[in-house]
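Good morning, and thank you for the opportunity to speak. I shall present one structure today, going from the whole chain to a single site. Please look at the sequence and the model together as we proceed.

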Amino acid sequence: MMKHVLEFEKPVMELRDKIAELKRLTENSEMDLSDEIQKLEKRLEKLETDVYDRMQPWDRVQMARHPERPTTLDYIENLFTDFLELHGDRLYGDDEAIVSGIAKFNGTPVTVIGHQRGKDTKENIRRNFGMPHPEGYRKALRLMKQADKFKRPIITFIDTKGAYPGKAAEERGQSEAIARNLLEMGGFTVPIICIVIGEGGSGGALGLGIGDRIFMLENSTYSVISPEGAASILWKDAAYAQKAAESMKITSYDLKDLDIVDEVIPEIRGGAHRDIQAQSEEIKQVISQALEELEKLSESQLLEERFNKYKNIGEYTHLDL
Amino acid sequence: MLRDFFSKKKRYASIPSQEAKQDVPEGLMQKCPNCQKIFYRKELNRNMNVCPHCDHHHRMTAYERLEHLFDEDSFVEWDKHMISNNPLDFPDYEEKLEKDRLKSDLNEAVVTGKAKLQGFDTAVAIMDARFRMGSMGSVVGEKIANAIENARKESIPFIIFTASGGARMQEGVLSLMQMGKTSVALQRLHAEGGLFISVMTHPTTGGVSASFASLGDYNFAEPGALIGFAGRRIIEQTIREKLPEDFQTSEFLLEHGQLDKVIHRHNLRSTLATVLDIHSPGGEE
Ligand SMILES: [Zn+2]
């Protein structure tokens, strides 16, 4: 069974285990428990609906951080062919918190870039837990410029707690590296598609996140600050993270309501990690459709629409005098 | 009104002694946080809010900056009456906005408009940290993006004076997206050959530092300003070491190649005029 069980899905997992055990029992005995099993399976179906169709913001935060949640490299493997990873920013180093390269999507050449978490402690240390330094953003920029030159669409996967808050990162211009990407991504004349697959943490997420289409997996989050960070600032206590997750409006559906995200990509019940292939298929369709729409636009239409997309985000009022 | 009453009353107060310096009356006197000396506010203001003793650059309000740096009566304000909604229905946000509106006489944390600097037309945006720490919500993002667009349409330079703690938390991810809005607007200005000068003042951090503030054709800063992406406390917790005293100051950024120049406030007008002149078609007559 699953190695990692989240708090809110415990009842589901317990029932699943029970059914599995009954099945095992009947395999090697004369007992006929098929009626009982059938009943339990019905109950499981109902329980799963109850639990997964009514996930609260905090449940989704947990799901977005699930240790088994598919990463950028998992999706690259399932969505593209001929992926060739390319390294380094040509200025300082190679930041493994971001992976990037060229590949084919349905036979079309594309450039793919994404934050990359590790799957275990060792890999997480190498990849700095998916929290980039400036050289990561500059590597991404280098490859986006290359994509622009050779007229390849750019597809980015967003999955980071944030840009790394470290001394060296500040010294090498973390602010400038992120800011530069925001500006340049505003001007590339190839389609840019951004997909939030896990945590979309603040400026560090946005640094790969300016595009013509912004999609979010159903159980991903996108926020200006982590719920824990917000709680410690607003209520001086990180324990209020759950409350902050609700107030801050960080789920995929919240962002759809705020007109930031174009589409929520439905997840496999119980989370994307339950079936990476099926999940990739869902994503594949969304990318195909978006590319088809965007390739019809002229370069100037593409830029105009991208500008308007961002210009329209926000809510304000003009005072009546 | 209420404020007038209090400041009049204070006029009869005697100059506070060193011992009483904690309770320096707000209206009339001001203490320099750097050298601890106390001055008449007027004296400080005449010196462009730079401490006459230690050169510490005190905060300046948006309108003070306009008055000191731009040509007299040349300012025409844009979007003055744009105010924030409470898009996330965030608890207490409206009250906080109202409080800051009364306190600062501003509708939001940035003032934008068209003004002349030594005869040169400019589109200008001046942030004011008295309003919600200068944080960037929908209104700040929209006003700055509009100013950039106006600069582009009128083919005039865009100058910004940043002063911001970063994101407006009460507007959540809408606040984050203003980084995108302003940067994409700057891209359009850039693509048409428009000039953008960024002047970072104390403090310029977080999402403002990681968007327009760092994107000038010229990135300048006032001396001693705090400029950085992540907060000192968070960095110290992350790397488990104490950071040097001058970490994330203007001078630190200059040393690390992140700034074109640190400019004393007294020289800001003339330096900006020089840049504008070099960029003006045919030069100044
Ligand atoms: Zn002083």
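Let us begin with the overall picture of chain B, bearing in mind that this is a predicted model. The secondary structure of chain B consists of ten helices and eleven strands. The chain has 285 residues, and 55% of these count as buried. As for its surface, chain B has an accessible area of about 12900 Å², and carbon and sulfur atoms account for 50% of that area.

How do the contacts in chain B relate to the sequence? Taking contacts between residues at least 6 apart in sequence, 64% join residues at least 24 apart.

I now turn to the zinc ion. Which protein atoms serve as its donors? They are the SG atoms of B:C32, B:C35, B:C51 and B:C54, at 2.2 to 2.4 Å from the zinc ion. Along the chain, these donors follow the spacing C-x2-C-x15-C-x2-C. Within this set, B:C35 and B:C51 are 16 residues apart and link distant parts of the chain. B:C35 belongs to the loop between strand 1 (29-31) and strand 2 (38-40), whereas B:C51 belongs to the loop between helix 2 (41-46) and helix 3 (62-69).

Why is the arrangement around the zinc ion called tetrahedral? The four donor atoms subtend angles of 104 to 114 degrees, and the term requires all angles to lie between 85 and 135 degrees.

Finally, are these two cysteines buried or exposed? B:C35 counts as partly exposed because its relative accessibility is 23%. B:C51, by contrast, has a relative accessibility of 1% and therefore counts as buried.

Definitions and conventions:
Residues are numbered from 1 along each chain as its sequence is written. Chains are lettered from A and ligands numbered from 1 in the order in which they are written. This is a predicted model: local features need pLDDT of at least 70, side-chain atom pairs count only at pLDDT 80 or more; totals for chains, interfaces and linings use all residues. Side-chain values use heavy atoms; hydrogens and water are left out. Donors are N, O and S atoms within 2.8 Å of the metal (3.2 Å for Na, K and Ca); water is not among the atoms, so sites may look incomplete. Four donors count as tetrahedral if all angles lie between 85 and 135 degrees; four count as square planar and six as octahedral if opposite donors are over 155 degrees apart and all others between 65 and 115; anything else is irregular. Helices (H or I, at least four residues) and strands (E, at least two) are DSSP runs, numbered from the N terminus. Buried means under 20% relative accessible area, exposed over 50%, partly exposed in between (1.4 Å probe, protein chains only). Contact means heavy atoms within 4.5 Å. Accessible areas come from the Shrake-Rupley method with a 1.4 Å probe; for residues, only the protein chains shown count as cover.
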